[in-house]
Amino acid sequence: MDINATFIGQALAFAILIWFSYKFVWPPMMGAIEERQQKIAEGLAAADRSKKDLAQAEEKVAEALREARTKANEIIEQAHGRANQIIDAAKVEAIAEAGRQKALALSEIDSAANRAKEDLRRQVSALAVAGAEKLIRKEIDGNAHKALLDELAAEI
């Protein structure tokens with residue numbers, strides 16, 4: 001291989017191209033590459049932060065769900081307790097009402113029994129008066145008297 005002016009010219013042109021590339025092309029390209037690396041690093045860091053935030057959010061959601069379930073269970077227990085109280089109060093009220101109804105029925109039965117006794121007394125007194133009238137009208141005879149008493153006993 002001969003070293004001649006063409007080879008030296010090509011080497012010189014290549015050296016100028018390298019120098020020009022190193023001076024004017026390389027710095028903006030390196031800046032763009034570094035900027036791109038920095039954006040990628042920021043993106044990765046943001047992704048890591050997002051993962052951490054997501055994990056924290058999931059923990060908060062799980063905690064909120066636990067609290068909501070606990071509160072719902074408490075509300076359900078309170079509702080059951082209140083329902084039992086209402087049922088107990090209704091039972092007590094029903095027993096009291098049954099007692100009032102029973103007392104009212106007993107008083108009605110007593111008054112009906114008293115009315116029946118009064119009616120019976122009136123009828124007995126009417127029968128006694130009727131029997132006395134029949135005895136007085138008839139002559140006083142033992143057989144007739146006995147027949148009248150039998151008749152009165154049959155009517156009573």
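In the predicted model, arginine 100 and glutamate 97 both belong to helix H1, where a spacing of 3 residues places them about one turn of the helix apart. The two side chains form a salt bridge, with a distance of 2.5 Å between the closest N and O atoms. Arginine 100 has a relative accessibility of 49% and therefore counts as partly exposed. Glutamate 97 falls into the partly exposed class as well, at 32% relative accessibility.

This contact is one of 5 salt bridges in the structure. Side chains of opposite charge can pair when their charged atoms come close. Another of these bridges joins glutamate 63 to arginine 66, the closest N and O atoms being 2.7 Å apart. Glutamate 63 and arginine 66 are separated by about one helical turn because they lie 3 residues apart in helix H1. Glutamate 63 is partly exposed, with a relative accessibility of 35%, and arginine 66 is partly exposed at 45%.

A further salt bridge is formed by glutamate 35 and lysine 39, whose closest N and O atoms are 3.5 Å apart. Both residues are located in helix H1, with a spacing of 4 residues, or about one turn of the helix. The relative accessible area of glutamate 35 is 43%, so this residue is classed as partly exposed. Lysine 39 is likewise partly exposed, at 49% relative accessibility.

Aromatic contacts were examined next. The structure contains 2 aromatic pairs. In one of them, tryptophan 19 and phenylalanine 24 adopt an edge-to-face arrangement, with 6.1 Å from centre to centre and an angle of 90° between the planes. The other partnership, between phenylalanine 20 and phenylalanine 24, is tilted, with a centre-to-centre distance of 5.1 Å and 45° between the planes. Planes over 60 degrees apart count as edge-to-face, and those under 30 degrees as stacked, so an angle of 45° is assigned to the tilted class. Phenylalanine 20 and phenylalanine 24 are 4 residues apart in helix H1 and are therefore separated by about one helical turn.

Through these ring pairs, Trp19, Phe20 and Phe24 are linked into a cluster. Each member of the cluster is partly exposed: tryptophan 19 has a relative accessible area of 49%, phenylalanine 24 one of 47%, and phenylalanine 20 one of 40%.

The aromatic residues of the cluster also belong to a nonpolar patch on the surface, which comprises Leu12, Ile16, Trp19, Phe20, Tyr22, Phe24, Val25, Trp26, Met29 and Ile33. Together, the residues of this patch present about 1,100 Å² of accessible area. Patch membership requires over 30% relative accessible area; the value of 40% for phenylalanine 20 therefore satisfies this cut-off. Isoleucine 16, another residue of the patch, is situated in helix H1, which covers residues 5-137.

A second helix, H2, spans residues 142-155 and contains aspartate 150. Aspartate 150 is partly exposed, its relative accessible area being 46%. Between aspartate 150 and alanine 55, the separation is 95 residues in sequence and 110 Å in space, C-alpha to C-alpha.

Technical notes
Residues are numbered from 1 along each chain as its sequence is written. This is a predicted model: local features need pLDDT of at least 70, side-chain atom pairs count only at pLDDT 80 or more; totals for chains, interfaces and linings use all residues. Side-chain values use heavy atoms; hydrogens and water are left out. Patches are made of residues with over 30% relative accessible area and no salt bridge: like charges are joined within 9 Å, nonpolar side chains (Val, Leu, Ile, Met, Phe, Trp, Tyr) within 5 Å. Accessible areas come from the Shrake-Rupley method with a 1.4 Å probe; for residues, only the protein chains shown count as cover. A salt bridge is a side-chain nitrogen of Lys or Arg within 4 Å of a carboxyl oxygen of Asp or Glu. Helices (H or I, at least four residues) and strands (E, at least two) are DSSP runs, numbered from the N terminus. Buried means under 20% relative accessible area, exposed over 50%, partly exposed in between (1.4 Å probe, protein chains only). Rings of Phe, Tyr and Trp (its six-membered ring) pair if their centres lie within 6.5 Å; planes under 30 degrees apart count as stacked, over 60 as edge-to-face and the rest as tilted.
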